[in-house]
Every structure is written in C-alpha cells, then in structure tokens.
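Student: Hey, I've got this chain open and I'm a bit lost. Can you walk me through some of it?

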Amino acid sequence: MKLFQKLLVAPAALGLLAPMAANAAELNVNGISVYSASSSEVKSISEFSDVHPNDWAHQALTQLAERHGCLAANPQGSMTRYEAADLLNTCLGEVAQVNQEESRLITEFGSDLSVIKGRSSELVADAGGMDHSAMGHGEHVPRTMIMGKTSFVVGGVDGVSGKEAVTFNYDTKLMAHTSFTGKDLLKTVIRTGNFNNMDPFGMMGSARLETAFNSSDGLNLHRAYYKFPVGDNFNATFGTKLRQDDLLGVWPSAYPSDSILNVLTHAGANAAYSKAMGAGAGITYSQNQLSASLLFVSDEADDASQGVLTEQGSDDLSAQLSWNGDNFTVAAIYTTSDGGNATNTANTNDYDAYGISGVYRLENSLAFSAGMGWKTPEKEDDTNNIEDETTWSIGVVWSDFGAEGNDLGVAIGTAEGHRDDSGYDDPLAYEVYYSMAVSDNVTVTPALFTIQKDGADDVTGGLVKTTFQF
C-alpha cells in the first residue's frame, strides 16, 4: 500500500461510520459515487466555492497540479472543498512519498478525502451489481459527485418607485460532476428559483443580483457540457448548455468570493466577458504559466431557423491570453458578438470588445482585482446610444477577516457602459459585503450596495444572503 493510501485509511474508515456517510448509503442510488476527476468549472464565481485563489491551499494545489502533471487545466478561480480534495486525491493517488506541503494539504482536506476514498468505494461497489474485478487493467469506473447549493436572500432597495418592499427569494442548484476516464468531466446542473425576472428589486437589468434566477419555481437545465484533455497541453469543452466562462482557461479576478451585484462580476470588461449562454465549444492551451483559449457560444443553437455560427443566429466568439505568476494573474480578451443582427443596422448586441484584467494576491490574505473593457458597435447610432463604451471595476477581498473563513469584500465599478457624451453622468455601482462562515456548509452574508443611473436617482439597497452548501 502506497504511503498516500495509508494516510487515508484511518479517515476513510471514520468517514464510513459518520452519520453523513450513513445517510449517503441510505440513498441507495445505483451508479452514484463521488466524482474523482479534476474539475475545471472552478472558474465560475458563483458555483459552490469556498477555496479561493488567495488561499494558501489554492496556491499549493495549483503548484501540486503543475508539479505532478495531474490536471488537464490548472485550477483557476474558486473551488469547493470537494473539488480541492478530489484534485489532491487525483494528484497524490500514485505518489509513494509526500512532502511537507502535501502532508499539510492532506490534513486540511482529511474529512473530504475520507468521503472520496471511503464513501464512494462503498457506493461504487454496489452500483448495478458490477463486478469491477473483471475490468481490464487501467480501466476507470465512471464516478459521479452530486453537490447542491441553496441561497436565501432577504432585502430591499430605496429609490425605485413602487418597488421598495422587502422581498424574500431563493435560488437552488443541484450539480452533478461525472468522470468516465478520471481526467474528463461531464457537468450537469439543474437550477430553480423564484426571483422576479432576475431583478427582485426592480433595478435596471445590468445591475441585478448575481444570485437572482427566475424559473417560476420550475426546474431548469442550467448547464450541460463535457470537458476532456487532448494531449498533454490542450483541454477541449463542448456542450448544449454552457456559459462563456465555462470555456475559458482563466478567470482573471479573485473578486468576489461571495457575489452580490452581477455588474461587478465581469472582471471589469463587461462586454468582452459577457458570460453569454447557449451551446458552444472551446479549446484551451496551457503550458507552465501561459494559457490561451479560443471559443464560441451560440444563443439560438437549438433553433433550426437560426442555428450555430450562422448569419441569422446570435453568436459570440472569444479569444483569451493569460499569464499566471506565483501571486498574480493577468489576462487579455477579445470578443466579437453579432447579436443575430442580419439587417446591417445599428444594434447594441452587434459589437467587438476588448478587455484586460488581473488579480494580485498578498501574503496577508488580501487579493486585489481590477479590469477594464472597451466595446465598439459594428454600426453606431448616437440617437439610441449605440456607440463606443468603456467599463471598469476594482475589487478587494480580505480573506479570514475577523475570523477564519470569513471574507470582507469591497468593490466599485461602472454601473453601465460609459459613453463619451456631453452631460452623461458616468454612473457607478458600489458594494460591500461580509461573508461569515457559520459552519463548513453555511454562510451568512450581509451586504450594502448603491447603483447609479444616468439622469435618475440613485438606488440604494441592502440584503442578507444565507447560503447552504451540501
């Protein structure tokens, strides 16, 4: 038995005796086990994250993946503890001896490793009565990790006529990570919520809450895509339901760790990092500290009258180049979007956009993120404000502020694309939040925010978000 496996025997045995493990066994779901391949979805700032880029563990895991060559794409952005433990398990599964930092990681994620090494073994063994001893040498048993996140949001705003009552909404995601080879990832996310058209407080759409999701309490397929390595340095992704940032090699911002306003989650380049959704595909090249991605997203891929990469369909194409240093990341991106505009007239969704963004991490748990973007429409129409725009944002996250696991976040940025017009007010958005870890699975986040709008009163609001991860 290898050293790493010996280190896991005790916690794995304890994990099998824990109530959580007993509950998992009682589910009696055939074929369900814990996903053991590394996940690259850690880029998304809203997906079940609690190991952040400025944490020592994230930086140690990044170096571990590079050192052992065990990850198709190095981890960028935030990770769940399960994803971090899974990456650790994948990287050290065949290592005969671990160093001091790797031993510290094993201690940090011991309970999560016990779930992966213990609970999954029992579930896999029972899946469909499969005789795994009959499998050929080196074959991988398909594994699935099921995770969930529910957010309760209570809050209100001042400055929106007829929309100032306190509201209480929810957003729930159920996510499955499946691996067939140990290096690939099939991701499926089901989501439901009851926010009012993504905008619970009646604010302008560009400044909605990032958590907001309206499905009238019905279940919706929110993500469905497959990621797999191609050779040693390439990682390919395709799917029928994904978002632009699912296809990027790097998300060049550590802000926010617990998002509030959606407008401040685009790394400062709101048009270039549009987070367009639809069907799409992309490929990422990673070599040492360099990463390059090329991708497209088609909004109407399921409509035969519009289709994929056609003149009638709405398509976004992006190219990103990034450099990842020991304590910083910087990335440049170019995005062209046609907005399905086949009439050759001015359209706000038919544009070219550029952006440059980055994050700098200090050793005292501070992470500074900043970015700027430029948008140029294919055809201008000054009368309808279809013209050149700029966006920017600056955000700071202070991890373990006040207590371990708590985060303080402060940000300022453009509330909408700024235009070079006489009398234009250049509206801004501000927010501050304090994310408090009540336990490993529950956080409570009070937040205050202000959104400005050209020629209108400011909107000021507050909320308390309670997040349950399971």
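Student: Which residues of H4 are buried?
Tutor: Arg 81, Glu 83, Ala 84, Ala 85, Asp 86, Leu 87, Leu 88, Asn 89, Cys 91 and Leu 92. Buried means under 20% relative accessible area, exposed over 50% and partly exposed in between, with a 1.4 Å probe and protein chains only as cover. H4 covers residues 81-92, and ten of its twelve residues are buried, so call H4 mostly covered. Helices (H or I, at least four residues) and strands (E, at least two) are DSSP runs, numbered from the N terminus. This is a predicted model, where local features need pLDDT of at least 70 and side-chain atom pairs count only at 80 or more, while totals for chains, interfaces and linings use all residues. Residues are numbered from 1 along each chain as its sequence is written, and side-chain values use heavy atoms, leaving out hydrogens and water.

Student: What span should H4 have?
Tutor: 16 Å, because each residue adds 1.5 Å. The rule is 1.5 Å times one less than the number of residues. The end C-alpha atoms of H4 are 16 Å apart, which agrees.

Student: OK, zooming out. How many helices and strands are in the chain?
Tutor: Six helices and 16 strands. Of the 470 residues in the chain, 52% are buried.

Student: New topic: strand E9. Which side chains point to the buried face?
Tutor: In E9 (residues 328-337), those of Thr 329, Ala 331, Ile 333, Thr 335 and Ser 337. Phe 328, Val 330, Ala 332, Tyr 334 and Thr 336 point to the other face and are not buried.

Student: Why do they alternate?
Tutor: Because in a regular strand the side chains alternate between the two faces of the sheet.

Student: Which strands are joined to E9 by bridges?
Tutor: E8 (residues 315-324) is joined to E9 by nine bridges, running antiparallel. Ten bridges join E9 to E10 (residues 351-361), also antiparallel. Two strands pair if DSSP finds at least two bridges between them. A hairpin of three residues links E8 to E9.

Student: Which residue is the bridge partner of Tyr 334 in E10?
Tutor: Tyr 354. On the E8 side, Ser 322 stands opposite Ala 331 of E9.

Student: Now Ser 293. Buried or exposed?
Tutor: Ser 293 counts as buried because its relative accessibility is 5%. Ser 293 lies in strand E7 (residues 290-298).

Student: What does its side chain reach at 2.8 Å?
Tutor: The backbone nitrogen of Gly 249. The side chain of Ser 293 also makes a polar contact of 2.7 Å with that of Thr 284. A polar contact is a pair of N or O atoms within 3.5 Å; within protein, one must be able to donate a hydrogen and the other to accept it, and residues adjacent in sequence count only if both atoms are side-chain atoms.

Student: And Ser 286, where does that lie?
Tutor: In strand E6 (residues 277-287). Ser 286 is buried because its relative accessible area is 17%. Ser 286 and Gly 249 are 37 residues apart in sequence, and their C-alpha atoms are 7.8 Å apart in space.

Student: What does Ser 286 touch?
Tutor: Asn 233 and Ser 291, not counting residues up to four places away in sequence. Contact here means heavy atoms within 4.5 Å.
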